[in-house]
Protein chains: 2
Amino acid sequence: MKFTVAQLNYHIGNFTGNKDLICKAIRKAKEAGSDLIIFSELCIPGYPPLDLLDRLDFIQKCDQTVNEIARECTGIAAIVGSPTFNNMAEGKKLYNSALLLSDGKIIFTTHKALLPTYDIFDEYRYFEPEKQFSVCEFKGIKLAITICEDLWDEQPFDNEFEKTRLYTLSPMEELARQNPDIIINIAASPFSYTKIEAKENIFISKAIKYKIPVISVNQTGANTELIFDGASILVNKNGEIFNHLPFFEEAVETYSFENIISGSIAGKEDKTDSISLIYKALVMGLRDYFTKTGLKNSIIGLSGGIDSAICLCLAVEALGNENVKALLMPSRYSSDHSVRDAVTLANTLKVHYDILNIEKPFRAFEDDLALIFKDMKRDITEENIQARIRAVLLMAVSNKYGCIVLNTSNKSEAAVGYGTLYGDMAGGLSVIGDVYKTDVYRLANFINRENEIIPQNIITKLPSAELRPDQFDTDSLPDYSLLDSILYQYIELQKPASRIIKEGGDRETVLKVIRMIDFNEYKRYQAPPVLRISSKAFGAGRRMPLVARY
Amino acid sequence: MKFTVAQLNYHIGNFTGNKDLICKAIRKAKEAGSDLIIFSELCIPGYPPLDLLDRLDFIQKCDQTVNEIARECTGIAAIVGSPTFNNMAEGKKLYNSALLLSDGKIIFTTHKALLPTYDIFDEYRYFEPEKQFSVCEFKGIKLAITICEDLWDEQPFDNEFEKTRLYTLSPMEELARQNPDIIINIAASPFSYTKIEAKENIFISKAIKYKIPVISVNQTGANTELIFDGASILVNKNGEIFNHLPFFEEAVETYSFENIISGSIAGKEDKTDSISLIYKALVMGLRDYFTKTGLKNSIIGLSGGIDSAICLCLAVEALGNENVKALLMPSRYSSDHSVRDAVTLANTLKVHYDILNIEKPFRAFEDDLALIFKDMKRDITEENIQARIRAVLLMAVSNKYGCIVLNTSNKSEAAVGYGTLYGDMAGGLSVIGDVYKTDVYRLANFINRENEIIPQNIITKLPSAELRPDQFDTDSLPDYSLLDSILYQYIELQKPASRIIKEGGDRETVLKVIRMIDFNEYKRYQAPPVLRISSKAFGAGRRMPLVARY
C-alpha cells in the first residue's frame with residue numbers, strides 16, 4: 001500500500017487550472033505505483049473562496065469538477081477537498097468536505113466539524129459543522145480522514161483569556177473509537193512565522209496519543225494576503241517526524257505505508273530560520289499575486305530608504321528584474337545620499353529607473369492653496385502633499401504602462417499611522433506591511449548575506465521620511481526596537497496596556513503607542529491588502545470598529 | 001405590570017456614555033411606574049464591538065458596567081445585553097447574553113443560540129451558542145427572553161440556494177414548551193430598505209404561532225457603516241401591531257401588559273416610503289460618524305453633478321451648514337454650468353465654498369511625466385491624474401483645517417469601477433456608496449419635494465465625469481436604469497449571469513457589467529467605509545477574493 005502526498009498551488013475559482021494540476025499529480029502518483037493520492041482542503045475551488053461560496057453556480061462547478069477528476073481515478077484513489085451541498089432541510093447550505101474518489105465515483109465523504117471562525121477565517125459563514133464521524137476502510141486500512149482544524153481541538157491561542165479548547169467536540173476522539181490505522185489531515189493552513197513548531201506539535205501529539213501515524217497535507221501558494229507554506233508533514237506512530245515536504249514549493253511524494261508507520265528519515269527536515277522563511281513567503285506572495293491576477297509588471301517608489309529597498313529586492317526575486325520599474329521622486333528635502341543609494345541599488349539589481357523631481361507639482365499645489373492657507377503655519381499638510389504627489393506619479397506611470405504599484409509601508413509604520421493615506425500608503429499590494437521595522441533590517445542583512453546587494457548606507461542611516469528639513473522617524477516615534485516590542489505585545493499577543501506596563505513597559509510610551517494604534521484604524525481601513533506572515537496581520541484578520549471610544 | 005421599551009443610541013466601548021444613557025432611561029421608566037425596562041442586544045459595549053471582544057479587559061469592563069447598572073435597578077428591573085464569560089472548559093470564550101437585573105443583582109441570564117455569521121455579521125467569531133433554554137418568571141409573568149436572531153430561525157435569504165432554515169435549532173420552539181406569557185426579543189438589527197416588512201413579519205408570525213404578544217427592542221444610531229433603524233415593535237397576541245417606535249430616533253416608552261396582550265393602536269405606524277427612510281438613515285449615519293469619532297467639520301468636493309450635490313445636502317442636514325465646506329475644483333474640461341450649478345447649491349445651503357482650478361498642478365504633472373510618456377497617447381491616465389489632484393487638494397484642506405473628506409461615489413459607480421482610486425474614491429466616509437444612481441435621483445427629488453434646493457439642471461443634465469472633452473457616463477456604461485437593474489440582481493439577489501440573462505437581460509450587457517464588477521474588487525478593497533442601507537453593501541458584508549479567476 002502506497003500513499004502520495006500532493007502539495008500544490010491552487011487558484012481560486014480556476015477550475016480548469018486546478019483540475020489540470022490535480023490530474024497531473026494523479027498521473028505522477030500512478031507512475032510511482034501509488035494506491036491513494038491525497039490533496040489538500042478545498043483544493044477544487046482553491047482556498048479561501050470567500051463569498052464565491054454564496055453562488056449556486058460556483059458550487060455546481062465544484063461538483064462537476066469533482067466528478068471529472070473522479071473519472072481520472074482509475075487504478076488509484078484520491079482524496080480531494082471541496083464544498084458540497086447540505087441536503088438537510090436545516091442548517092447552513094454547504095459542508096466543507098473531504099471526498100474519496102475511485103473509478104469515477106465518490107466512495108466516501110466526510111465533512112469538517114471544527115470550523116475556524118477567528119482571525120482571517122470565516123468558515124462558519126458558509127459551512128454547517130459535521131457531528132457524526134466514521135473511519136473509512138480502504139484496501140484493508142482504516143483511514144481517519146480529518147479536515148484541518150478537526151485535528152486542532154486543543155490548540156493554544158494568543159490572547160488573555162487562557163482558553164485552549166475552542167471547540168466542544170473532538171472529531172479525532174470519536175474516530176479513535178473505531179480503531180483507525182492512520183490519521184489523514186487535509187488542510188489549507190496559512191504561514192505564520194511564529195507558529196511553525198506549534199503546527200508540527202499538533203500532528204506529533206496526535207500520533208503519540210493515538211499511536212498511529214499522521215499524514216498532513218497542506219497547500220502551498222498565495223491567494224492575495226494569505227500565503228500557504230505547504231510544509232506538509234508525515235509523523236510516524238511514535239510521534240517522530242518521518243518526512244517534511246518543502247516550504248513554499250509544490251511537491252508530489254509517494255511513500256509506502258510500512259515506512260510511514262515507523263520510519264524516520266534523518267536530516268530531511270527543513271530547519272531554516274524564520275527570516276529566510278519570511279523572505280520565501282513574501283517572494284511567493286508577490287509572485288502569486290501577479291501570476292493569479294494575470295498581471296506582469298510592477299513599479300516601486302524608491303526613496304533611498306530601507307523599506308523600498310527591501311521591496312525592490314523581493315520584487316526582483318519574485319517577478320524578474322525585467323518586470324520591475326523603480327521611480328525615484330526626490331523633493332527639496334531629499335538628501336543627496338537618498339538618490340545616490342537608490343540609483344546604486346537599482347543598478348545592482350539591473351532595474352530600470354526614472355527620476356522625477358516633485359518640486360514642480362509641489363509648487364503648483366502650494367500656489368493653488370496659498371489663498372486658502374493664507375497666514376496659516378506649515379504643518380503636516382505640506383508633508384502629506386509631497387507623499388501624495390508621489391502617489392499620483394506612481395499611479396500615472398502604473399496606468400500608462402499597465403503595472404501594479406507595490407506598496408512599501410512596514411508594519412510598524414502602519415500600526416502607528418506613520419504614513420500618508422493616498423500617499424505612501426497607496427499601492428495594489430503591500431509587500432512588507434506585516435513585517436516590523438526591526439525585521440525589515442533582518443531581511444536586509446539576509447539579502448546581503450553573501451554580497452552587498454543593498455548598499456550598506458541604506459541599512460545604517462537613520463530612518464527618515466524626508467518630508468521636512470532634518471526630519472527623522474525618532475522625532476515622532478520611539479526607537480524601533482522598543483516600538484516593535486510594544487506593538488507585538490499589543491497586536492499579536494493582545495495584551496492590554498496595563499499588562500504591558502506591569503511587565504516592564506514605560507507607562508507613557510506604552511500609552512502613547514497604543515493611542516496611535518487605535519487612532520489610526522481609519523487609515524488602515526483603506527490600506528492595500530497586506531502579505532500576511534504573522535499570526536495577526538492588519539486587514540481582514542483584525543476587525544476593529546472605527547468609531548469606538550475605548 | 002408595566003413594561004418599558006428603551007430604544008437608544010449606544011457608542012461602542014464608551015462604557016460611561018452607555019451607562020449614563022441606560023440609567024437615564026431607567027429613571028424615566030421608574031417615573032412612569034414601570035416594572036421592567038428592556039434595552040437592546042449588547043447595549044453595554046455597543047454593537048458591533050468586533051475584535052474588542054478579544055480583549056479580556058474589555059469584557060471585564062462590560063461586567064463592571066452591568067454591576068453598576070444593576071445597583072440602579074431598585075424598584076424596577078432591567079433587561080440588558082452584554083457579553084459574558086463562558087465558564088465551561090470548552091468552547092468559545094464568550095456568550096452574547098441577556099441579563100435581568102434587579103436590586104443590585106443579576107437574577108436571570110440567558111445566552112444567544114443562533115449566532116448570525118453572514119453578510120456583516122461575525123458572531124460565531126466570538127460567541128459560544130447556547131443550547132439550553134428556560135423562561136424567566138418575573139412578577140408572576142413568564143418571559144421568553146430571546147436575543148435577535150434567536151427568533152429568526154425561519155428567515156428567508158437572498159440567494160439561489162432556496163434554503164430558508166439557516167439553523168438546526170429553534171430556541172422559541174423550546175421556550176414555548178414552558179408556556180411563556182410574552183416573548184421579549186432584544187436586537188441590534190441594522191437597517192435595510194428592502195427588509196422592513198420582512199422584519200415585522202418575523203414578530204407577527206411568532207405572535208400568531210405562539211398566541212402571545214411580542215416586544216422587540218432594537219437599538220438606533222449608527223456605528224461607522226451600520227445604521228440601526230430602531231423601529232422597535234410591539235405585536236399583540238393576535239399578531240396585530242400594537243405599537244411601532246420611531247425610525248432613527250431614540251425613544252423610551254412604557255406600556256401596561258394588559259394593553260400589549262390585545263391592544264392595537266391604530267394609525268401609529270410609521271408607513272413612510274423607502275426613499276424617506278434612506279434619507280433619514282444616511283443623515284443619521286453621517287451625524288453619528290462625526291459625533292462618535294468626536295470630529296466636527298467636513299469637506300466635500302462639489303463638482304456640479306448630482307452625487308456631490310446630494311452628499312452636500314445630506315451633510316448640511318446631518319452636521320449643520322457651519323460644519324460643511326465645499327471645494328469646487330474645475331479643470332480645462334469643466335463646463336460652465338458645473339461651476340454655476342455648484343455655486344448656486346452652495347449658496348442655497350449657505351455653505352462656505354472655495355474654488356481652486358486644477359490646471360496648474362495638472363500642467364506640472366504633465367510636464368514632469370512628459371519624458372516618460374513621450375510619444376504615448378493620452379488615455380485614462382490623464383483622467384485619473386485630474387481626479388487625484390482633486391483628492392490631494394481636498395485632503396490638504398482637510399489636513400490643514402481638521403475636517404473629514406466626505407466621499408461622494410454612488411453604488412453604481414463603485415460596482416463597475418467607474419471611479420479613480422485615490423481620486424474621487426478618496427474620503428473618510430462614503431455617504432452614498434450603497435445608493436444606486438437611480439436612487440440618487442429619487443433622493444434628489446425627495447430633497448426638492450417642497451422647494452428647489454438642488455438646482456434642476458443638476459438633476460436633468462446628462463451625468464459626466466468631465467475628465468475629457470464631451471465625456472458622458474453613457475460612453476462607457478449602459479443607461480443607469482438598465483445598469484442598476486443588473487447590479488441589483490447580481491449583488492443583492494446573488495443571481496448568476498446565466499439566470500439574469502434567462503430572465504430577460506441582454507447577454508452582452510449583462511456579461512460586460514458582471515466582468516466590470518468582478519474586475520474592480522481591488523478598487524473597492526481600498527474604498528472608505530460605506531453607509532449601509534441595503535441588504536448587501538460593498539465592504540465588510542461582501543468578501544470577495546481579489547485573485548480569483550471565475
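User: How far does H6(A) reach from its first C-alpha to its last, and what is expected at 1.5 Å a residue?

Analyst: H6(A) has 20 residues and reaches 28 Å. The expected span of a helix is 1.5 Å times one less than its number of residues, which for H6(A) gives 28 Å, so the reach is close to expectation. H10(A), with 22 residues, reaches 32 Å, close to the 32 Å expected. Helices here are DSSP runs of H or I of at least four residues, and strands are runs of E of at least two, numbered from the N terminus. The model is predicted: local features need pLDDT of at least 70, side-chain atom pairs count only at pLDDT 80 or more, and totals for chains, interfaces and linings use all residues. Residues are numbered from 1 along each chain as its sequence is written, and chains are lettered from A and ligands numbered from 1 in the order written.

User: Why does A:Pro455 count as buried or exposed?

Analyst: A residue is buried if 20 or more other C-beta atoms, placed from the backbone, lie within 10 Å of its own, exposed if 12 or fewer, and partly exposed in between. A:Pro455 has 20 C-beta neighbours inside 10 Å, so it counts as buried. A:Pro455 sits in the loop between H12 and helix H13 (456-460) of chain A. Leaving aside residues up to four places away in sequence, A:Pro455 touches A:Asp341, A:Thr344 and A:Leu345; a contact needs C-beta atoms, placed from the backbone, within 7 Å.

User: How do A:Gln494 and B:Asp103 fall under that definition?

Analyst: A:Gln494 has 19 C-beta neighbours inside 10 Å and therefore counts as partly exposed. B:Asp103 has 12 other C-beta atoms within 10 Å, so it is exposed.

User: What makes the backbone at A:Gln494 and B:Asp103 worth listing?

Analyst: Most residues other than glycine have a negative phi, and most peptide bonds are trans. A:Gln494, in the loop between H15 and helix H16 (497-502) of chain A, has a positive phi of about 55°. B:Asp103, in the loop between strand S4 (94-102) and strand S5 (105-111) of chain B, has a positive phi of about 50°. As for peptide bonds, the one from A:Tyr47 to A:Pro48 is cis, with omega near -5°, and the one from B:Tyr47 to B:Pro48 is cis, with omega near 0°.

User: Why is chain A called as compact as a globular protein of its length?

Analyst: The radius of gyration is taken over C-alpha atoms, and the globule rule is 2.2 Å times the number of residues to the power 0.38. For 550 residues the rule gives 24 Å, and chain A has 25 Å, which is close, so the description holds. Buried residues make up 55% of the 550 residues.

User: What angle do H15(A) and H17(A) make, and which residues form their contact?

Analyst: Helix H15 (residues 480-492) and helix H17 (residues 507-519) of chain A pack at about 65°, with axes 10 Å apart. Axes are lines fitted to C-alpha atoms, for helices over the stretch in contact, and angles run from 0 to 180 degrees between N-to-C directions. A:Leu482, A:Leu483, A:Ile486 and A:Tyr490 of H15(A) meet A:Thr509, A:Val510, A:Val513, A:Ile514 and A:Ile517 of H17(A).

User: How many residues does the contact between chains take from each, and which helix supplies the largest share on chain A?

Analyst: The contact takes 82 residues from chain A and 82 residues from chain B. H10(A) gives the largest share of the chain A side, 14 residues.

Conventions. Contact = placed C-beta atoms within 7 Å.
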